[in-house]
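Hi,

Here is the structure I promised to pass on. Have a look at it first, and my notes follow underneath.

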Amino acid sequence: MRMLPFRLSIAAIALALGYAGAQAQTQRVVPESKAQVQLSFAPIVRQTANAVVNVYAKRSERRQNAAIEEYFRRFFGDSAPGIPRGRSQSSLGSGVIVDPSGLVITNNHVIENMNEVKVALTDRREFEADIVLRDPRTDIAVLKLKDAANLQAVELGDSEALQVGDIVLAIGNPFGVGQTVTQGIVSALARTQVGISDYQFFIQTDAAINPGNSGGALIDMNGRVVGINTAIYSRSGGSIGIGFAVPSSMVRVVLNSARGGAKNVVRPWLGARLQQVDGDIASGLGLERPTGVLVTAVYDKGPAAQAGLKRGDAILAVDGQPVDNPDSFGYRFTLKGTQGQTPLTVLRGGKQMNIQVRLMPPPEDPPRDPVRSRGRTPFAGATLVNMSPAVADELQIDIADDGVVIADLEERSVAASVGFEKGDQIVAINGERLANTKDADRLINRNGGYWEITVNRGGRVFTTVLGR
């Protein structure tokens, strides 16, 4: 390393120290008020904490001999010997009051499979709650408190305005110990490889989030909810500074659907199959780096086809917002709603262009015409419906021009026991192709007790033979 002359070095150091000292003197000031001495997040916590609640969910199942149990309880009470008890499950999480009328946002996994929900407020009031809407695809659920008044609600903020490094607070009920507030920063945005829900696009934070925080609020410095705390990455079960929250922009989509009386969240339908752009594809498209999504198939009756989108096109942005993979495209496209149009930035033949795509929900065409088999057939306990864009979107399967698909499956049913799964497309029975549920009903119940069934499961086609 080259050394400077000693005297010159001393002079340079002295000059630097003098400059630093002068800067320090100009930046340091005597606090003029108590508030300047006691800088704190307490005002934001006071503004928001009462809107963060505890959610207690339970599922109770009575056994088939419930009438006999009740008869014996009249004489022996709940401690009657030898009487089997009903099974129960429970879960504990957090939630956020987002409307003074009593609407509460929480995670779907907090109340999943539960049939009794109670909410406890910070002032120790407790209310029963109805489940207004569940959306497993975003892991968000909306509850409605019964007979609740004088509620403090917190406003949903704009998660799109967040930047990495912004300070945030996480409020919830970790480990069931009571309401807790932790502070951190936004560590990353648009996390998509988390594996939590279908619409993966999460805010990452280092604010401590632990079991029980699920459904709690991620608060910005304006006192608004910018995310619903959903998951953590942990090897021990406790926080290690890697937590994930559903952005408030997506939460608002679910909340608006609930306010509109919908039982399901209706999302816009593109009518195309997408694939992530990797290094090889990017090189073939002439892109400097892997970005965007590649169109691998276009449904001939969908908005993509009507807009002129073609197989081999690369979608780089939705309304000016860049997309890096199918998850980020799904998030950006869903936020646009189901009215009007939105521009897609498309790369085709080395040239960029904007294509206007109509925003519309997936149509239920043809109608479902459900068939439910309960006889002595392999499909007993399964509900078969006609394939349509709406059904394909609901079940998250690739759409086919026609056919029959299993839309619902009872637990412990014959259909479940022989290996059928929800989302299976029934292609043919005994060599005859199924065009609709009428064909399915006829072929399933045909006498003979022998079924050769061809199934398409996620693109894998196989045939199974079943008989009485």
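Let me start with Asp-135, which counts as buried at 4% relative accessibility. Keep in mind that this is a predicted model. What does Asp-135 form a salt bridge with? The partner is Arg-267, and the closest N and O atoms of the two are 2.5 Å apart. Arg-267 counts as buried too, at 3% relative accessibility. Asp-135 sits in strand β5 (residues 126-135) and Arg-267 in the loop between α6 and β13 (272-276), so the pair ties together parts that are 132 residues apart in sequence.

The count comes to 20 salt bridges, and a few others are worth a look. Arg-125 and Asp-123 meet through their side chains at 2.9 Å, N to O. Arg-125 is partly exposed, with a relative accessible area of 27%, and Asp-123 is partly exposed as well, at 45%. Then there is Glu-411 with Arg-412, where the closest N and O atoms are 3.9 Å apart. Since the cut-off for a salt bridge is 4 Å, that pair still qualifies. Glu-411 is exposed, with a relative accessible area of 65%, and so is Arg-412, at 69%. You will also find Glu-128, Asp-130 and Lys-146 linked in a network of salt bridges.

On to helix α6, residues 248-259. Its twelve residues should span 16 Å at 1.5 Å a residue, and the end C-alpha atoms are indeed 16 Å apart, so the two agree. Is the helix enclosed or exposed? Nine of the twelve residues are buried, so α6 is largely enclosed by the rest of the structure. Among the buried ones are Met-250, Val-251, Val-253, Val-254 and Leu-255, but the serines Ser-248, Ser-249 and Ser-257 are buried as well. After the helix comes Gly-261, which has a positive phi near 85°.

Now the packing. The largest nonpolar core has 48 residues, and the members touching the most others are Val-55, Ile-105, Ile-111, Val-119, Leu-143, Leu-145 and Val-225. α6 gives the most to this core, with six residues. A second, separate core holds 17 residues, including Leu-384, Val-404, Ala-415 and Ile-444. Back in the largest core, try clicking on Val-55: leaving out residues up to four places away in sequence, Val-55 touches, among others, Leu-92, Ser-94, Val-110, Ile-111, Val-119 and Leu-143.

Asn-173 caught my eye too. Asn-173 lies in the loop between β7 (167-172) and β8 (180-191), yet at 2% relative accessibility this residue counts as buried. What does its side chain join in a polar contact? That would be the side chain of Asn-54, at 3.4 Å. Beyond its neighbours within four places in sequence, Asn-173 is in contact with Asn-54, Leu-92, Ser-94, Gly-178, Gln-179, Pro-211, Gly-212 and Asn-213. Leu-92 and Ser-94 are familiar from the Val-55 list.

Last, a hairpin. Strands β17 (residues 341-348) and β18 (residues 351-358) pair in the antiparallel sense over eight bridges. Gln-341 stands opposite Arg-358 in β18. Two residues lie between the strands, and Gly-349 in this hairpin takes a positive phi near 60°.

Cheers

How values were computed: Residues numbered from 1 in each chain as written. Predicted model: local features only at pLDDT ≥ 70, side-chain atom pairs only at ≥ 80, totals over all residues. Heavy atoms only, no water. Helix = DSSP H or I, 4+ residues; strand = E, 2+ residues; numbered from the N terminus. Buried < 20%, exposed > 50% of the residue type's maximum accessible area, 1.4 Å probe, protein only. Polar contact = N/O pair within 3.5 Å; in protein donor to acceptor, adjacent residues only side chain to side chain. Contact = heavy atoms within 4.5 Å. Expected span 1.5 Å × (residues − 1). Core = buried A, V, L, I, M, F, W, Y, C linked by side-chain atoms within 4.5 Å. Pairing = 2+ DSSP bridges.
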